[in-house]
Amino acid sequence: MAVTFRYARIDEYPQIASFLNEYWANNHVYVRDKPLFDWTFNSPQLWPESGYCFAMAEDNGELIGILGGIPFVFNTFGKADPGVWIANYVIRPDHRKGTFALQLLSQFRKPSLHAVIASGINPATITIYKVLRGEVLPYMPRRVAVVSGATDRMA
Amino acid sequence: MLEKTRAIVADIFEVPLETVTPQSSPDTIATWDSMHHLNLVLALEQEFGVQFSPEEIEQLLSVELIVALVAEKMPIVENA
């Protein structure tokens with residue numbers, strides 16, 4: 001077993017869609033709607049690598065795991081940095097032994113991302129994020145900025 | 001340290017202690033997946049008072065590798 005990890009090329013949508021259909025959700029919207037998949041994971045202006053912001057694990061060239069990253073601008077009090085929301089994280093059942101899932105997640109530590117965020121996590125996976133030095137928040141912090149003169153402009 | 005590590009590994013992966021050897025790894029323990037691996041890391045950090053980086057966590061793939069890395073990280077206790 002020689003498992004390798006890399007990011008998906010733009011021409012690999014058919015393999016990803018097939019894997020999503022079989023191991024994530026049958027007839028998932030990303031399987032039915034390539035433009036939506038492209039809009040979500042193909043953001044050259046936000047993603048420093050070439051191709052999709054989508055990590056793949058392969059065993060001798062055969063796809064055995066995927067992890068999507070939805071690129072976004074992480075804005076902290078006006079300081080903008082690149083970040084990704086992770087999505088569609090699944091390893092084929094016959095390859096769940098070992099640490100392939102962990103190594104797949106590591107693909108998003110390599111680029112210079114300021115934030116890698118998972119929202120709505122399964123409580124059973126909290127340990128994963130804590131051990132990997134992630135911060136687990138009980139709720140999503142929201143901040144509201146009151147822009148001077150905004151109410152006048154909205155009138 | 002080897003005995004403590006073997007006991008932790010047996011407990012986390014729910015296998016008999018006598019089956020855990022220095023060569024035990026994901027190849028020999030059927031329940032050794034990513035979730036159990038991270039629970040193992042957490043238990044090791046608590047037991048030995050060490051902390052592993054995410055890169056090191058990926059390298060802890062056998063009992064003997066764990067013992068070696070923990071030994072490297074543990075503070076040297078000198079006799080008074």
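Where is A:L105 placed? The sections below start there and then move out to the rest of this predicted model.

## A:L105 and helix α4

A:L105 sits in helix α4 of chain A. Is A:L105 buried or exposed? Buried: 23 other C-beta atoms lie within 10 Å, and because the cut-off for calling a residue buried is 20 or more, A:L105 qualifies. There's also a partner from elsewhere in the sequence to look at, A:G68. The two residues are 37 apart along the chain, and their C-alpha atoms are separated by 9.6 Å.

## Where the chains meet

Helix α4 brings us to the contact with chain B. On the chain A side, 14 residues take part, and they're in contact with 15 residues of chain B. Two helices of chain A, α4 (100–106) and α5 (126–131), each supply at least two residues of that side. Of the elements in chain A, α4(A) gives the most, with four residues.

As for chemistry, the chain A side that touches chain B is a mix: five nonpolar residues, five polar and four charged. For the complex, the predictor gives an ipTM of 0.74 and a pTM of 0.79.

## The sheet in chain A

Now for the strands. Chain A has an open sheet of five strands, running in the order β1-β2-β3-β4-β5 with mixed pairing. At the edges are β1 (3–7) and β5 (115–117) of chain A, each of which pairs on one side only. Ignoring direction, neighbouring strands in this sheet are turned by 25° against each other on average.

How do β4(A) and β5(A) pair, and over how many bridges? Strand β4 (residues 79–91) of chain A pairs with β5(A) in the parallel sense, over three bridges. If you want a spot to zoom in on, try A:W85, which stands opposite A:I117 in β5(A).

## Two positive phi values

A couple of backbone angles in chain A deserve a look. A:N27 has a phi near 60°, which is positive although the residue isn't glycine. You'll find A:N27 in the loop between α1 (13–24) and α2 (29–32) of chain A. A:N27 counts as exposed because it has 8 C-beta neighbours inside 10 Å, and the cut-off for exposed is 12 or fewer.

The other case is A:R133, with a phi near 70°, again a positive value in a residue other than glycine. A:R133 is in the loop between α5 and α6 (150–154) of chain A. Why does A:R133 count as exposed? Because there are 11 C-beta neighbours inside 10 Å, and 12 or fewer is what exposed requires.

## Chain B

Over in chain B, the secondary structure comes to four helices and zero strands, so to speak an α-α-α-α pattern when read along the sequence. Does the radius of gyration of chain B agree with what a compact globule would have, or what is the value? Chain B has 12 Å, and this agrees with the value near 12 Å that a compact globule of 80 residues would have. Along the principal axes, the C-alpha atoms fill a box of roughly 45 × 30 × 20 Å.

Of the 80 residues of chain B, 30% count as buried. Take the contacts in chain B with a separation of 6 or more: 52% of them come from residues 24 or more positions apart. On confidence, chain B averages a pLDDT of 89, and 92% of the residues score at least 70. Where pLDDT is low, the predicted coordinates should not be read in detail.

Methods:
Residues numbered from 1 in each chain as written. Chains lettered and ligands numbered in written order. Predicted model: local features only at pLDDT ≥ 70, side-chain atom pairs only at ≥ 80, totals over all residues. Contact = placed C-beta atoms within 7 Å. Nonpolar A, V, L, I, M, F, W, Y, C, P; charged D, E, K, R; others polar. pLDDT = per-residue confidence, 0-100. Rg over C-alpha atoms; globule rule 2.2 N^0.38 Å. Pairing = 2+ DSSP bridges. Axes fitted to C-alpha atoms, helices over the stretch in contact; angles between N-to-C directions.
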